[in-house]
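Work through the three exercises below with the structure in view. Try each task before reading its solution.

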Amino acid sequence: MTREELLERYAAGERDFSGADLSEANLLGANLERANLSGANLSGANLKWANLYGADLSRANLDLNGWREAERGGADLSGAILDGAIGL
């Protein structure tokens, strides 16, 4: 899924992106508040300054650039693979 498709669908009110392949996606500053990204592949995705407040990232594959700069309060990271996410 591309950044544009994800953000278009989010803007239309969709929140369930479970299992989506967003590897290497540039999600810089994206608003994904309360999105369901459980089981999504976010390896290599740039989430710098993204709003992930209350997002479901359970079982997601996260290899994040800028993870420390993403807004992630209340995000569910249970069972997530956090390769390269130093300093959580």
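A nonpolar core is a set of buried Ala, Val, Leu, Ile, Met, Phe, Trp, Tyr and Cys residues joined through side-chain atoms within 4.5 Å. The model used here is predicted.

**Exercise 1.** Find which residues touch the most other members of the largest nonpolar core.

*Solution.*
- Start with the membership: the largest nonpolar core holds 24 residues.
- Next, pick out those that touch the most other members: Leu27, Leu32, Leu37, Leu42, Leu52 and Leu57.
- Then turn to the elements: α1 (3-11) and β1 (41-46) each give this core at least two residues.
- For background, nonpolar side chains in soluble globular proteins tend to be buried together.

**Exercise 2.** Describe the chain as a whole: its elements, its burial and its surface.

*Solution.*
- Count the elements: there are one helix and two strands.
- Read them in sequence order: the pattern is α-β-β.
- Take burial: of the chain's 88 residues, 36% are buried.
- Take contacts between residues at least 6 apart in sequence: 4% of them join residues at least 24 apart.
- Finish with the surface: about 4500 Å² is accessible, and carbon and sulfur atoms account for 44% of that.

**Exercise 3.** Decide whether Ala80 is buried or exposed, and place its surroundings.

*Solution.*
- Locate the residue: Ala80 lies in the segment that follows β2 (61-65).
- Apply the cut-off: buried means under 20% relative accessible area.
- Compare: Ala80 has 17% relative accessibility, so it counts as buried.
- List the contacts, setting aside neighbours within four places in sequence: Ala80 touches Leu57, Arg59, Ala60 and Leu62.
- Check one distance: Ala80 and Ala40 are 40 residues apart along the chain, and 9.6 Å separates their C-alpha atoms.

Methods: Residues numbered from 1 in each chain as written. Predicted model: local features only at pLDDT ≥ 70, side-chain atom pairs only at ≥ 80, totals over all residues. Heavy atoms only, no water. Buried < 20%, exposed > 50% of the residue type's maximum accessible area, 1.4 Å probe, protein only. Helix = DSSP H or I, 4+ residues; strand = E, 2+ residues; numbered from the N terminus. Contact = heavy atoms within 4.5 Å. Areas by Shrake-Rupley, 256 points an atom, 1.4 Å probe, with all protein chains shown as cover.
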